[in-house]
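Let's take a walk through this model together. Have the sequence and the 3D view open, and follow along from one stop to the next.

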Amino acid sequence: TTTAGPVWSFRLPAATATPDFVFVSTAAEADPLSKPITITTASPSTAWTLTENVPWLSLTANSGTGGQTVTLQFDSTGLSAGGHVTNLTLSSGGDSVQIPISLRILGALNIVKLLPDPVLPRVYALHTDTVSNESWLLWIDPATARVQHVNFIGLSIIDFTVHALDD
């Protein structure tokens, strides 16, 4: 038996981005972060534009034709601790796609443990937030004393070790 029903149709946007959501974390006044997104288009001749509206985010390209990788650059200078959110707008023809962007700035650092890398010129620090108990591994450049990377590693972490072969 066949049952007749409504016909569904849909249309995909002429341009999409991968990932379709960006979340990054850093410490206040840390080195600027970069994160790539890939623009995919319906055809190599499809034109697109990216629009952002916050001073802490810049793009390596605001427009293009066809598929392309665009680097998002995050600068935490002058930002307060906590979450900062915005949307990138990817437009192509009559289509618009919102790409949520979230930047998390860690609060006052509470370094629980500090270890040098046995091979590379960096120091690792374990930061545990005194309110949320979130633990973060920080990569620090010893020459500049600036945080280069921030990675969430769990809750209430109190110890870690570094091995030369892990680099």
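Start at Leu109, which sits in the loop between strand 9 (95–106) and strand 10; strands here are DSSP runs of E with at least two residues, numbered from the N terminus. Before going on, keep in mind that this is a predicted model, where local features need pLDDT of at least 70 and side-chain atom pairs count only at pLDDT 80 or more, while totals for chains, interfaces and linings use all residues. Residues are numbered from 1 along each chain as its sequence is written, and side-chain values use heavy atoms, with hydrogens and water left out.

Is Leu109 buried or exposed? Its relative accessibility is 44%, so Leu109 counts as partly exposed; that label covers the range between buried (under 20% relative accessible area) and exposed (over 50%), using a 1.4 Å probe and protein chains only. Leu109 also joins Ile111 and Leu114 in a nonpolar patch on the surface, and together they have about 270 Å² of accessible area. A patch like this takes residues with over 30% relative accessible area and no salt bridge, with nonpolar side chains (Val, Leu, Ile, Met, Phe, Trp, Tyr) joined within 5 Å and like charges within 9 Å. A salt bridge is a side-chain nitrogen of Lys or Arg within 4 Å of a carboxyl oxygen of Asp or Glu, and the areas come from the Shrake-Rupley method with a 1.4 Å probe, only the protein chains shown counting as cover for residues.

Now step into the sheet. It is an open one of 4 strands in the order 10-11-12-13, with antiparallel pairing; two strands pair if DSSP finds at least two bridges between them. Strand 10 and strand 13 (146–155) are at the edges with a single partner strand each, so one side of each has no neighbour in the sheet.

Strand 10 (residues 111–116) pairs with strand 11 over 5 bridges, and a hairpin of 6 residues links the two. Leu114 has Ala125 as its bridge partner, and Leu115 stands opposite Tyr124.

What about strand 11 itself? 6 of the 6 residues of strand 11 (residues 123–128) are buried, so the rest of the structure largely encloses it. Val123, Ala125 and His127 point one way, and Tyr124, Leu126 and Thr128 the other.

On its other flank, strand 11 meets strand 12 (residues 134–141) through 6 antiparallel bridges, with Leu126 opposite Leu137.
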